[in-house]
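Subject: Structure handover

Hello,

I am handing over the structure we spoke about. Please open it next to this message, as the notes refer to residue numbers throughout.

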Amino acid sequence: MTLAPTAPVAVPGRPSPQLAGFRARCAEVAGVPLEAPGALHAWSVGSPEAFWRTLLEWSGLPWSGSADVVRTGDDVRTARFFPGVSLNYAEALLRPLPDAGDDAPALTAVHADRPAEHRTRGQLRAEVEATAAALAGAGLSAGDRVVLVAPHALPATVVALAVAALGAAVATAAPDMGVPALLGRFTQVDPAFLVVDRAATGRGTADALLAGLPTVRRLVVLDDLPLPAADLPADRLADLVAGAGPAPAWERRPFDTPLFVMFSSGTTGPPKAMVHGAGGTLLEHVKEHRLHGALSPADTLYFHTTTAWMMWNWQLSALAVGAHVVSYDGPVSGPGTLWELVAGHGVTVLGTSPAYLQLCQDAGYRPADRVDLSRLRAVLATGAVLHDWQFDWVADAVGPVPLQSISGGTDIIGCFVLGDPEAPVRRGRCQTRSLGLDVAAVDEDGTEVVGAVGDLVCRNPFPSRPVGFLRDPDGARFRAAYFTEHPGTWNHGDLVEFDADGSARLHGRSDGVLNVDGVRIGPSEIYTVLRDLPEVADAMAVEQRDPERPGTARVVLLVVPRDGAAVDRELARRIRRTLRERASAAHVPALVVGVPELPLTHNGKRSERAARDAVNGDPVANASALRSPGCLDAIRAAVAAATTAPTAAPTPGSDVLAAVTALFGELLGTADLGPDDDLGDLGGTSRQVLSLLRRVRLDLGADVPVEVFAQAPTPRGLAAAVEAAVGSPAEDVVVLRPGTGRPVWLLPDAWGQLNLYAGLVQRLATDRPLLGLRLRLTGTDGGHLPVADVAAQAVERIRGHQPEGPVSLLGYSFGGLVAWAAATSLGEGGAEVAWVGLLDVRPPRAALTPGELARQRWTARARTLSSRRALAGRLARTTLPAVAAASADPELAFFTGSEEVGESFRPGRFDGPVTYYLAEGSRDAVRGTLRAWRRVAPGLAVVDVPGHHGDVDDDRVGMLSEQHVGTLAARVSATLR
């Protein structure tokens, strides 16, 4: 076999011939140099009309008409490109090129069970012409739609190009897809022709498709099996070609003429049928192939794909740049399969997946030691997140070739981030943004972030955006899919992190993002850590509705063990411990469950959506899009077994240890506990630590500081802390942090504890001592004391410890009410109060006017309707008898008592300095009611701080949380007196 000459390898730092030539052309158009890093991309998005017109003209693609109008507007959703341009996709791919004439290699179809087939560009064009003539003679017309079920081989390429030549659109699928999955896609297409290779599909597939696709006018088979007895014309393609007349002219048609009907992978629901236009697809692919991939007629490209994945369409377009394309319709029988294909057919650019690279690495396979890779100049990978260690493996086991991580999707039939032949490869990162696409990472508010993970968006129109969805007459589904989350941009549904140099790191699908007590976590962070556990073959982290906290979620980790391993208690503990130590406590799952396999779509993509539905017991909307939908039943069963806690065995040792162990189990929803199990290793969160210590105080009468618990966060350690606290007199004044000068007094929360201040105490920028007060919140009858009585205790202890000097008081929520009452009492007694700090202390109802009460009720109603957790909490307080509420949730019951006395408190006047720290999430709740504080506090100053109130009803990220307490501490420090 004669191989084409090897393409020159672009050396980082040196110009790539095609990219350099295009840059020079753009610099002429721009009238400014574009040599600086990032300058070409900046110009491409800053001058989009000039960029896209220049690209179209420079590309040498055959087209007719006028390119004066580049786009019809600047709206990402509605703008159309080149309305005056006409072209033909098949003509563009098969025309003779200066360096790729009719004798140049075009396609090599490799088979597992027979010799490869070779076609030159002239031979391939002749076959496409004959097939187009045959299909036209059978009645296929421009505007029709065809569905094609065939392997990644020569016939699929010929048929697809023939359909495109006639101005019809084609939808393709792999033959190993089941009938439900095929119909789930193709019923949306309303096809006129069904083309199928019955030798590659399951028995009866063609008959089932005909029965389920009533719009089909003609069946065309690619095999030589007996023709079926059907109620419509059925023909072998070979027979149609043999009897076809002259080939019709390949007309050039409008830029947006439908070319491909593509389908989303089904990771988030039933596959969407997306229509891609001929011009946008072609122009985007040529840009990616020539400029980002440096692909030329000297290259041989193989991308491991099937006809069900957009990379098949992407690879097909490489014919337009004169590259030699290799297809393969056999199985991957081992780690050597693709590398042997690369060596045997002189592949210069290999496209594969992170999963295949990992298979080779795990098997200890070193391609450079086994086969001749001398012609290989680049490896491309997509379909999943490419991890840092895989770059290292390629460099060591394959050789000094760039591993380029590329990412985009079927939705845009191209890439948002991909390679740069002139830039170095940074391990774990995609090299650059796609030219002409204003791609960015944005936070939840739509603000661009650099160096942080955000949602992947595109902020300008681009030609490969779908023309639209099928069966979406008003565009509502199209709008909802991409344009509602961040209005004015295309929201792609991926998580990405960009550096200042334009390189990117992908973090997976945003629909798979985990929200742990308000902290967003990309699952890939978990998978990276688990890579080093040899017992774990694969894993998937999903959210499950927390059965113990309505309206909130917990993380469930589905683990596929390697052969010989089992997901037992010890492995689950080690997984949690490793995640806590190498990531964070937020990454630790509440539940670790062993499963035999994970849900994958027919495209080979992981479906967190399907797993999440199965874990929650919900109907799985995209089950037909999965290769093995039976795995969902196994997931449901495993999760059910794991959440059915066994009866707790008696805990040996003291009664306190037994009681504490029971509280651990109640908090975590499990009885599978040992006395030395670490709360962090069991998936416990910082919020649960506070809840546990509240219950210890309520049930066992011991106030254990969070820092004491942190020294031994196990049932045995907590039991020892409880016994120590009960066995020694409690100090009414607690030194939270020693210092010099006047103290700052912190008042306890609605449970009478100081633990929630721990992060703030650590971070306050002051040398003054930070003192906390332990106060009784209930009387001898168990009823809650009025705020004034609680404050009287505080005044007595403050005067005993600080008889002179100005007093500074700080309190959160209920503690702020106590601080206020103490301040007014101290002032009335002649003591000087220098300052009162109120941490999001909402005005009590007793202090509000009728108008303010009405406003508060409406705000509370809106808050309740928008928060399931708030609704659950409110129902618990308003619809359950007090005794039943206490029995169901003692922590909530005690909070309710504090809330009731707090709401009945009527603050007195205080003329000294007061700083009110208003949580961002509380603005609506206190809007129009802060004047209640201003009526009694002429010196009130309001300081905004990030976060939410964070009380028992609020599962959002609180102002005192780890995420926001640093900012809060800085602002308290700046205003402290």
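The notes below cover two helix pairs and then the internal cavities.

Please keep in mind that this is a predicted model.

Helices H1 and H3

H1 takes in residues 17-30 and H3 residues 48-59. The two axes come within 10 Å, and they cross at roughly 130°. An angle over 145 would count as roughly antiparallel, and 65 to 115 as roughly perpendicular; the pair falls in neither range, so H1 is oblique to H3. The crossing is right-handed.

On the H1 side, the contact is made by Gln18, Gly21, Phe22, Arg25, Cys26 and Val29. H3 contributes Ala50, Phe51, Thr54, Leu55, Glu57 and Trp58. Sorted by class, the residues in this contact are 7 nonpolar, 3 polar and 2 charged.

Helices H13 and H15

The second pair consists of H13, residues 354-362, and H15, residues 388-397. Their axes lie 10 Å apart and the packing angle is about 60°. H13 is therefore also classed as oblique to H15. The hand of the crossing between H13 and H15 is left-handed.

Which residues meet here? From H13 they are Pro354, Leu357, Gln358, Cys360 and Gln361. Their partners in H15 are Trp389, Gln390, Trp393 and Val394. The contact of H13 with H15 holds 6 nonpolar and 3 polar residues, with no charged ones.

Cavities

The model has 7 cavities of 30 Å³ or more. I looked at the second largest, which holds about 130 Å³ of space. Its lining is made up of 15 residues. Those nearest the centre of this cavity are Glu288, His292, Gly293, Trp314 and Leu380.

Two elements give two or more residues to that lining: helix H10 (278-292) and strand S16 (378-381). H10 supplies the largest share, with 3 residues. By class, the lining of the second largest cavity has 8 nonpolar, 5 polar and 2 charged residues.

To find your way around, the H1 and H3 contact can be located from Phe22 and Phe51, which are among its residues. For the H13 and H15 contact, Leu357 and Trp393 are among the residues that meet. For the second largest cavity, Trp314 is one of the residues nearest the centre.

Regards

Terms used:
Residues are numbered from 1 along each chain as its sequence is written. This is a predicted model: local features need pLDDT of at least 70, side-chain atom pairs count only at pLDDT 80 or more; totals for chains, interfaces and linings use all residues. Side-chain values use heavy atoms; hydrogens and water are left out. On a 1 Å grid over the protein atoms alone, a cavity is a set of points where a 1.4 Å probe fits but cannot get out, and a pocket is an open set with protein on both sides within 12 Å along at least five of seven lines; lining residues have an atom within 4 Å of a point. Grid points are joined across faces, edges and corners, and a volume is the space filled by probe spheres set on the points. Helices (H or I, at least four residues) and strands (E, at least two) are DSSP runs, numbered from the N terminus. Ala, Val, Leu, Ile, Met, Phe, Trp, Tyr, Cys and Pro count as nonpolar, Asp, Glu, Lys and Arg as charged, and the others, Gly among them, as polar. Axes are lines fitted to C-alpha atoms, for helices over the stretch in contact, and angles run from 0 to 180 degrees between N-to-C directions. Angles under 35 degrees count as roughly parallel, over 145 as roughly antiparallel, 65 to 115 as roughly perpendicular and the rest as oblique. A crossing is left-handed if the near helix is turned anticlockwise from the far one by less than a right angle, and right-handed if clockwise. Contact means heavy atoms within 4.5 Å.
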